[in-house]
Amino acid sequence: MPEQPTPPERPLPSMPPGPHLSGGGRAPEDGAIAATGMGGAMDLATQEADSLRKSPTGPDGSGPQDKPRSLWSDAWRDLRRNPVFIISGLVILFLVVISLWPSAIASGNPLKCDLAKSQEGSQPGHPFGYNGQGCDVYTRTVYGARVSVTVGVCATLGVAILGSVLGGLAGFFGGAWDAVLSRITDIFFAIPVVLGGLVLLSVVTSATIWPVIGFMVLLGWPQISRIARGSVITTKQNDYVQAARALGASNTRMLLRHITPNAIAPVIVVATIALGTYISLEATLSFLGVGLKPPTVSWGIDISSASQYIRTAPHALLWPAGALAVTVLAFIMLGDAVRDALDPKLR
């Protein structure tokens, strides 16, 4: 058969100038994705994702993308903007400094007294005057901060550690351990704090601060224990704890790695507020004569001795009482600020 002639190739239609997309249509001048085909939309989406990934700014152009913040970073950011936290923090920092180095602002001896100057008022070099024994009230007020702050801090640490451990274990394991601890805490809650101090500390002859601290820890841990127990029970029901358990994590790892960092916030808040309460409790017990004893320099002891001369020498009472009130108020304000920062419901 004779070969059929090959038909001539038909020229392809010329495309109009301009950008072309794989979907077969020309992109509109305004770059709208809706006018393109499926392939063009996918190409534009891919290019946009690459540009966002490579861009140092966020999708809204607000600046560099930071890594996700944790609860503690958010809390610290809020605390730095809270004037209550700043004021209370500065007061507490000043108290800590004068507790460590009281001689920096008071050059006298708090135990040096002169009965010839008994109940005298303010004088040059002695702005607070003298108490009934002729001791410099200013010097004793400054040195009294060391004992009061030390008692408050040590009692708070002891209460927080003991209560957190017992309450956390009871909330995590439950069962008989939880039932026994709950009944023990009920017994301690039934003991009045001041009455218990009068009974327990009246038989102690030591003049150091440790019997007072031990008494506060003995009667203070049940409150922290209840809070830690409830926080652990709530935290261990979260999905990330259940996932860790399903993956075979040990109880120790779950407690230390997953539960404790997320359940410790309420304990910190209550302990911070309780620190001021323990300072006032030490002053109350010393005022009643069963707490710290002379020659220890304490605000409670000075308030107790100055109460006898409140009509003739009120300055001897007002200055240590004012220092005590400011200290307790500063710690309570600090605790309120920490609570507001760590509680997500208050954001």
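**Note on helix packing and aromatic pairs**

1. Helix H5 passes helix H7 in a left-handed crossing. This is a feature of a predicted model, and the remarks that follow should be read with that in mind. H5 covers residues 175-189, and it packs against H7 at an angle of about 135°, with the two axes 9 Å apart. The two helices are therefore oblique to each other, because an angle has to be over 145 degrees to count as roughly antiparallel.

2. Which residues of H5 meet H7? On the H5 side they are Asp-178, Leu-181, Ser-182, Ile-184, Thr-185, Asp-186, Phe-188 and Phe-189, and on the H7 side they are Leu-218, Leu-219, Trp-221, Pro-222, Gln-223, Ser-225, Arg-226 and Arg-229. Sorted by character, the residues of this contact comprise 8 nonpolar, 4 polar and 4 charged.

3. H7 has a further partner to consider. Helix H7, which spans residues 210-235, also packs with helix H9, residues 251-263, at an angle of about 125° and with the axes 9 Å apart. That angle makes H7 oblique to H9, and H7 passes H9 in a right-handed crossing, whereas the crossing of H5 with H7 is left-handed.

4. In the contact of H7 with H9, the H7 residues Ser-231, Val-232 and Thr-235 meet His-258, Ile-259, Asn-262 and Ala-263 of H9. The residues here divide into 3 nonpolar and 4 polar, with no charged residue among them; the contact of H5 with H7, by comparison, includes 4 charged residues.

5. Is Ser-231, one of the H7 residues in that contact, buried or exposed? Ser-231 lies in helix H7 and has a relative accessible area of 11%, so it counts as buried, the cut-off for that word being under 20%. When residues up to four places away in sequence are left out, Ser-231 touches Ala-263 and Pro-266.

6. The aromatic residues deserve a separate point, since a search of the whole structure finds 5 aromatic pairs. One of them joins Trp-76 and Phe-85 in an edge-to-face arrangement, with 6.2 Å from centre to centre and 90° between the planes. The two partners can be described by their accessibility: Trp-76 is partly exposed, with a relative accessible area of 45%, whereas Phe-85 is buried, with a value of 18%.

7. The rings of Phe-172 and Phe-173 also pair, and because their planes stand at 90°, with the centres 5.0 Å apart, the pair is edge-to-face. Phe-172 is buried, at 7% relative accessible area, while Phe-173 counts as partly exposed, at 47%. Elsewhere in the model, ring pairs link Phe-128, Tyr-138 and Trp-319 into a cluster.

8. Two points of backbone geometry may also be worth a student's attention. A cis peptide bond, with omega about 10°, joins Pro-294 and Pro-295, and Pro-295 is found in the loop between helix H10 (265-287) and helix H11 (299-306).

9. Where is Gln-119 placed? Gln-119 sits in the loop between helix H3 (83-100) and helix H4 (137-173), and it has a positive phi of about 65° although it is not a glycine. With a relative accessibility of 26%, Gln-119 counts as partly exposed.

Technical notes: Residues are numbered from 1 along each chain as its sequence is written. This is a predicted model: local features need pLDDT of at least 70, side-chain atom pairs count only at pLDDT 80 or more; totals for chains, interfaces and linings use all residues. Side-chain values use heavy atoms; hydrogens and water are left out. Axes are lines fitted to C-alpha atoms, for helices over the stretch in contact, and angles run from 0 to 180 degrees between N-to-C directions. Helices (H or I, at least four residues) and strands (E, at least two) are DSSP runs, numbered from the N terminus. Angles under 35 degrees count as roughly parallel, over 145 as roughly antiparallel, 65 to 115 as roughly perpendicular and the rest as oblique. A crossing is left-handed if the near helix is turned anticlockwise from the far one by less than a right angle, and right-handed if clockwise. Contact means heavy atoms within 4.5 Å. Ala, Val, Leu, Ile, Met, Phe, Trp, Tyr, Cys and Pro count as nonpolar, Asp, Glu, Lys and Arg as charged, and the others, Gly among them, as polar. Rings of Phe, Tyr and Trp (its six-membered ring) pair if their centres lie within 6.5 Å; planes under 30 degrees apart count as stacked, over 60 as edge-to-face and the rest as tilted. Buried means under 20% relative accessible area, exposed over 50%, partly exposed in between (1.4 Å probe, protein chains only).
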